[in-house]
Every structure is written in structure tokens, then in C-alpha cells.
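Here is a guided walk through the two chains shown below. Keep the structure open as you read, and follow along at your own pace.

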Amino acid sequence: MSAPCAPVARPALRWRGLLSVALLAGFHALPWLRWDGRQALLFDLPARRFDLFGWALWPGDVGVLFGLVAVMACSLALLTSLGGRVWCGHACPQTVWGTLFRWVEHECARWLHRPALATTIKHVGWAAIALWTGITFVGLFTPIDALVAGFWPGRWSAWERFWVLFYATATWANAGFLREQVCLDLCPYARLAPSLFDADTPQVCYDARRGEPRGRRARGCGSVQQRGRGLLDPTSASDYTFRAAHPALAGPLPRFADDRLGDCLDCAACVHACPMQLDVRNGPLPDCIACGNCVDACDAQMRAWRFPVGLIRVASANAMQGRPRRWLRPRVLAALGGLVMMLAMGLRQL
Amino acid sequence: MRPSNDPPGTRRRTLIQYWGAVLWPSFIAAGLACGVFFAFVDPLRLRDISFPGQALSRELGYTLGFFMFWAVTALASAVTGYLLRPLPRDDDELPLG
């Protein structure tokens with residue numbers, strides 16, 4: 001891998017950051033919402049009463065809660081079939097809190113030049129976020145205003161104290177230390193998601209026909225489109241990709257003349273941007289959480305070199321091969337059928 | 001690129017994978033079991049049957065119940081994990097002859 005090629009323009013659109021902020025704000029606002037003078041969402045365990053936006057559920061109504069969970073599971077399956085791992089990349093608490101913790105780490109290292117001080121402030125910040133998360137979570141089970149009012153001078157019951165610390169520690173360990181290892185090794189949904197995919201499910205893809213053979217080059221020779229080289233045939237493209245991914249098997253790649261190179265600059269910006277250091281150019285990977293960092297990093301490089309963007313993009317296998325998109329597919333229909341059935345059963349019960 | 005068999009950090013990763021696979025699914029299962037169980041059984045009624053005269057709150061009942069379920073499910077996961085480990089039956093380690 002060679003060093004990054006050029007000063008890189010940051011992507012202008014920060015909608016992913018905004019979405020993370022909105023989701024975090026939504027979670028932390030949730031226990032503060034009021035409905036008819038009561039907390040809108042309160043699983044009041046001591047009183048054995050669940051308040052769900054003006055709708056009171058008693059212990060015998062536990063079936064309704066399981067029904068809601070089943071509706072959410074079917075919706076997630078439908079979303080995965082239609083949109084790929086959008087949940088993982090953008091909405092999963094593991095990703096959202098992990099991004100927040102990483103941002104705190106990055107900002108501490110950026111502004112505080114003494115490493116010991118940066119580490120201390122980082123841990124103070126992590127602990128504060130984890131504690132607030134724990135309080136908010138416990139605030140869904142015990143009235144939040146009394147919980148926050150009792151924070152100082154320590155009027156919490158032993159059980160409130162225990163559960164706040166339990167969830168704070170879980171947040172701190174998951175978002176601060178385990179991070180994407182949870183997605184790689186521990187998450188059942190991450191294992192299940194690929195079986196919900198089909199040829200029309202969008203994934204983060206590298207356009208090997210346009211990008212290969214990859215390599216460093218002098219400035220000013222233009223993209224494959226601009227200099228008329230066009231796209232490679234699929235067999236050669238996958239051959240180059242395989243050889244680049246397995247140098248021990250295939251030997252080092254030969255040096256290509258600049259006019260024969262594809263659009264991949266081999267700058268490794270995509271690998272550095274990936275939270276798991278995956279190389280998306282090796283094909284769609286089961287570990288990829290579709291966060292889109294590599295897409296932004298590659299697009300920034302493409303802009304810096306005045307190449308068209310989209311060498312790495314979110315696209316389905318059918319779209320990459322220029323085949324038409326189908327909407328009615330077995331997995332989509334199964335998930336949709338399950339969802340409609342659950343909703344119909346729920347409506348009949350009410 | 002992160003090859004899955006790289007030596008640095010492999011031991012840590014294996015440990016987290018093993019303990020994660022034991023503790024995490026058992027946590028979810030215990031949460032589900034706890035939800036269903038306490039939907040039908042009030043911890044205070046259970047206290048009156050089992051420990052009459054003791055001042056045990058509902059919160060203590062829920063917490064104890066949850067950790068009891070978690071201990072049992074984690075034990076099942078741990079035994080499953082232990083049984084799934086490869087047996088040392090391979091005779092490669094024994095000297096020949």
C-alpha cells in the first residue's frame with residue numbers, strides 16, 4: 001500500500017453525523033416525554049404497570065409487548081432485505097455510542113497535546129457519557145425526574161444505584177473497548193443479516209471493472225472514462241482483484257503504465273477509514289456494517305484527483321452488473337407477509 | 001485488510017468471543033425469561049410464600065430473579081461452549097513408535 005496521494009477534501013454532507021446526534025438526542029429525551037401528566041414511556045416495575053404513550057399495560061398484557069417486539073423484528077428483516085445493513089451502519093446503539101466514544105477520543109487527542117492528560121480527559125468523558133446513558137436507561141423503569149433529583153446528594157435506592165452502574169459499565173465496555181468486535185463476533189443479527197440478502201440488496205461495493213488494475217500514478221492522466229480506456233471485462237477485473245488480495249499466492253502485481261491503470265489509486269484511504277480495517281476491494285464482506293466511511297474516503301480522493309466519484313458505492317449486485325432491479329422478491333415478500341400478519345393479529349386483539 | 005488469523009490480539013479476540021458467546025445470549029434469554037415469569041408472578045407474592053416476615057422489596061425480587069435466570073442460562077451456555085471445543089483426541093502430539 002502506498003501513502004495517501006493528495007490533500008483530501010472532506011465530504012461536505014454530514015448527514016450520518018446528524019443522524020447519530022438525532023438518535024442520541026431521541027434516546028436521552030425518551031424518558032422525559034410526558035403524556036397526560038405521566039411519563040410517556042415508563043416500564044414501572046415497582047408498580048407493575050407499563051405506560052406506553054397514554055396506553056397503560058398491566059402484567060397480563062405481556063403478550064402485547066412480545067407482539068411489538070415481533071413487529072419490530074419483522075420490520076428489521078424487511079429493512080435489511082430492502083436496504084442492506086442500514087441498521088448496523090447508522091442506527092444500532094453499538095455503532096452510535098461507538099462513534100460518540102471514538103469522537104471523544106479523537107477530539108481529546110486533537111486538542112490536548114499531553115498524552116496523559118488526553119487519556120485522563122477521555123476517560124472522564126467516557127465515564128460521564130456512560131453514567132448518563134445508565135441513568136437514562138434506568139429512567140425508563142423508574143420515574144426519571146425523581147431519579148435525576150436523587151442523583152445528588154445520593155438518594156438513590158440500592159437497586160437504582162446497582163442498575164445505573166451496571167448499564168454504565170456495559171456502555172463503557174461496549175462502546176469504549178469492544179466496539180466492532182461486538183459486530184464481528186457477538187452480534188446474532190450480524191450473522192443473520194447475510195441470509196436476508198439477495199442480488200437486489202444494496203451493499204458497499206467496489207467497482208473492480210473501473211478500478212483495476214490499481215496503482216500509483218503521476219497526476220494529470222485522467223480517469224478511465226476521460227482517457228477512453230473504459231471498463232475492464234469482469235474476468236480480468238476479478239483476476240486483478242484476486243491477485244492484489246493474495247500476493248503470497250499470486251506474486252506481486254506487475255507495474256502498469258499510467259494509461260493502463262484503472263481509477264483505484266491504491267491510496268488505502270478506504271482501508272484506513274474502515275472501523276475494522278477491512279478492504280472493501282476484496283468484494284462484499286460479511287463483516288462490513290455498511291457505515292459508508294470507505295465510500296466517503298474514496299469519493300474525497302476521487303474529487304481530489306478530479307475523477308468521477310462512486311468507485312466505491314452502495315449498490316446491489318444486480319445494479320453493479322447493469323441488470324434491472326426487482327422489487328417483489330421472495331425474502332421481501334416473506335418479511336412483508338410476516339409484518340402484515342403480526343399487525344393484523346395485533347389489530348384483532350385490540 | 002485484517003486477516004482473521006493474524007497473531008497479535010488473537011488470544012484476546014478468542015477470549016472475548018468465547019465469553020461473549022456465553023454471557024451475551026444468556027443475558028438475552030434471561031431477560032426474556034424474566035419478562036415472562038414476572039408478568040405472571042408478583043415478587044411480593046413469591047416472598048409471602050417463600051420468606052414470610054422478611055422485608056424484601058419488589059426491586060430486590062426482580063434483581064434476584066434476573067440474576068438467577070442469568071446464572072442458569074449462562075451455565076447452560078458455558079457447558080455448551082465447553083462441549084463444542086475440539087477434543088484432544090488427535091494423536092499428533094504423541095511421539096511415534
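What share of the contacts in chain B with a separation of 6 or more comes from residues 24 or more positions apart? In this predicted model, such pairs account for 74% of those contacts. Chain B has three helices and zero strands, and its pattern along the sequence reads α-α-α. Of its 97 residues, 8% are buried.

**How confident is the model?**

For chain A, the mean pLDDT is 88, with 96% of the residues at 70 or more. One stretch to treat with care is residues 1–7 of chain A, where the pLDDT is below 50. That stretch still has 14 contacts in the model beyond near neighbours in sequence. Among the elements of chain A, helix H5 (residues 115–138) has the highest mean pLDDT, 94, while strand E5 (residues 55–57) has the lowest, 85.

**Where the chains meet**

The contact between the chains involves 17 residues of chain A and 18 residues of chain B. On the side of chain A that touches chain B, helix H7 (158–178) and helix H8 (180–186) of chain A each supply at least two residues. By class, the residues on this side of chain A comprise 11 nonpolar, three polar and three charged.

**Two domains in chain A**

Chain A is divided into domain 1 (33–195 + 333–349) and domain 2 (202–315). Their C-alpha centres lie 37 Å apart. Where they touch, domain 1 of chain A gives 11 residues and domain 2 of chain A gives 10 residues. Helix H3 (86–91) and H8 of chain A are the elements that give two or more residues to the domain 1 side of this contact. That side has five nonpolar, four polar and two charged residues. H8 of chain A therefore deserves a second look on your screen, as it supplies at least two residues to the side that touches chain B and two or more to the side of domain 1 that touches domain 2.**A helix with one buried side**

Does the length of H11 of chain A agree or disagree with what its residue count predicts? At 1.5 Å a residue, its 12 residues should span 16 Å, and the end C-alpha atoms are 16 Å apart, which agrees. The buried residues of H11(A) are Ala237(A), Tyr240(A), Thr241(A) and Ala244(A). They sit on the same side of H11(A), because they cover an arc of only 100 degrees around the axis. H10 of chain A is included in what covers these buried residues.

**Backbone details worth a look**

Two residues of chain A that are not glycine have a positive phi, as the table shows.

| Residue | Phi | Loop in chain A | Other C-beta atoms within 10 Å |
|---|---|---|---|
| Asp36(A) | near 50 degrees | between strand E1 (34–35) and strand E2 (38–39) | 8 |
| Arg306(A) | about 55 degrees | between helix H14 (293–304) and strand E7 (312–315) | 11 |

Are these two residues buried or exposed? A residue counts as exposed if 12 or fewer other C-beta atoms lie within 10 Å of its own. With 8 such atoms, Asp36(A) is therefore exposed, and with 11, so is Arg306(A).

A last stop is the peptide bond from Glu212(A) to Pro213(A), which is cis, with omega near -10 degrees. Pro213(A) lies in the loop between helix H10 (208–211) and helix H11 (234–245) of chain A.

Key
Residues numbered from 1 in each chain as written. Chains lettered and ligands numbered in written order. Predicted model: local features only at pLDDT ≥ 70, side-chain atom pairs only at ≥ 80, totals over all residues. pLDDT = per-residue confidence, 0-100. Helix = DSSP H or I, 4+ residues; strand = E, 2+ residues; numbered from the N terminus. Contact = placed C-beta atoms within 7 Å. Nonpolar A, V, L, I, M, F, W, Y, C, P; charged D, E, K, R; others polar. Buried ≥ 20, exposed ≤ 12 C-beta atoms within 10 Å, placed from the backbone. Expected span 1.5 Å × (residues − 1). Arc of directions from axis to C-beta. Domains from an automatic or database assignment.
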